[in-house]
Amino acid sequence: MLKVKICRKVNEEHKNNCRQYAHTYHYSNTICLARAFYDLPNYHKIGIILHELGHLAGARGENEADIIVGQLFGITIDRIDSEWGDNLEAVWT
C-alpha cells in the first residue's frame with residue numbers, strides 16, 4: 001500500500017535546497033513530503049508526486065524516474081525553472 005506523509009527530514013532538506021519537496025525510500029512504500037509542497041501550484045504537485053512514483057517503481061536516477069512515469073502512465077514530466085525552484089517537475093493538465 002502506498003502512503004504519503006509529511007516528513008521532518010524532507011522539511012529539513014527543503015530548508016537546505018529550495019527545490020527539495022519530496023523523497024522516497026525513507027519509509028517503505030512512502031512518498032515523504034515537505035510542508036512547502038502544499039503551497040505549490042497543481043502542475044508542480046502532480047509532477048513531483050508522479051516523479052516520486054517513478055522512484056518507487058524502481059528508478060535509480062532522476063531522469064529514469066521521469067521516463068518510467070512516461071512508460072507506465074503515458075504522462076510526460078517536464079522540468080521547468082519557476083519561482084518554486086529550478087528544474088522542478090511539472091505536468092500540465
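Thr24 stands opposite Ile31 of strand β3, and this pairing is a good place to start reading the predicted model. Thr24 itself is found in strand β2. Where does β2 sit relative to β3, parallel or antiparallel? Strands β2 (residues 22–24) and β3 pair in the antiparallel sense, over 3 bridges. Thr24 counts as buried because its relative accessibility is 13%, with the cut-off for buried lying under 20%. Leaving aside neighbours within four places in sequence, Thr24 is in contact with Thr30 and Ile31, and also with Glu52, His55 and Leu56.

**Strand β3 and its partners**

Strand β3 covers residues 30–33. Thr30 and Cys32 point one way from the strand, while Ile31 and Leu33 point the other way, and all of these are buried. Besides β2, strand β3 has β1 (residues 3–6) as a partner: β1 and β3 pair in the parallel sense over 4 bridges. Within that pairing, Lys3 has Thr30 of β3 as its bridge partner.

**The loop between β2 and β3**

The hairpin of β2 and β3 has 5 residues between the strands. Both Tyr25 and Asn29 are found in this loop. Most residues other than glycine have a negative phi, yet these two take positive values, as the table shows.

| Residue | Phi | Relative accessible area | State |
|---|---|---|---|
| Tyr25 | near 70° | 53% | exposed |
| Asn29 | near 50° | 42% | partly exposed |

Why does Tyr25 count as exposed? Its relative accessible area is 53%, and exposed means over 50%. Asn29 counts as partly exposed because its relative accessibility is 42%, which lies between the two cut-offs of 20% and 50%.

**Rings and a charge**

Now for some aromatic side chains. The count of aromatic pairs comes to 2. One of them is formed by Phe37 and Tyr38 in an edge-to-face arrangement, with 5.4 Å centre to centre and 90° between the planes. Phe37 is buried at 4% relative accessibility, whereas Tyr38 is partly exposed at 43%. Another ring, that of Tyr27, has a charge over it: the charged end of Lys5 sits 4.0 Å from the ring centre.

**Helix α3**

Let us turn to helix α3, which takes in residues 62–73. How well does the span of α3 agree with what its 12 residues should give? At 1.5 Å a residue, the helix should span 16 Å, and the end C-alpha atoms are 17 Å apart, so the two agree.

Which residues of α3 are buried? They are Ala65, Asp66, Ile68 and Val69. These buried residues cover an arc of only 160° around the axis, which puts them on the same side of α3. The general reason is that an α-helix has 3.6 residues a turn, so residues three or four places apart point the same way.

The buried residues of α3 pack against α2 (42–56) and β4 (78–82). On the face turned away from this buried side, α3 carries the exposed residues Asn63 and Gln71. Just after the helix comes Gly74, which takes a positive phi of about 70°.

Note on methods. Residues are numbered from 1 along each chain as its sequence is written. This is a predicted model: local features need pLDDT of at least 70, side-chain atom pairs count only at pLDDT 80 or more; totals for chains, interfaces and linings use all residues. Side-chain values use heavy atoms; hydrogens and water are left out. Helices (H or I, at least four residues) and strands (E, at least two) are DSSP runs, numbered from the N terminus. The expected span of a helix is 1.5 Å times one less than its number of residues. Buried means under 20% relative accessible area, exposed over 50%, partly exposed in between (1.4 Å probe, protein chains only). The arc is that of the directions from the helix axis to the C-beta atoms. Contact means heavy atoms within 4.5 Å. Two strands pair if DSSP finds at least two bridges between them. Rings of Phe, Tyr and Trp (its six-membered ring) pair if their centres lie within 6.5 Å; planes under 30 degrees apart count as stacked, over 60 as edge-to-face and the rest as tilted. A charge sits over a ring if NZ of Lys or CZ of Arg is within 6 Å of the ring centre and within 35 degrees of the ring normal.
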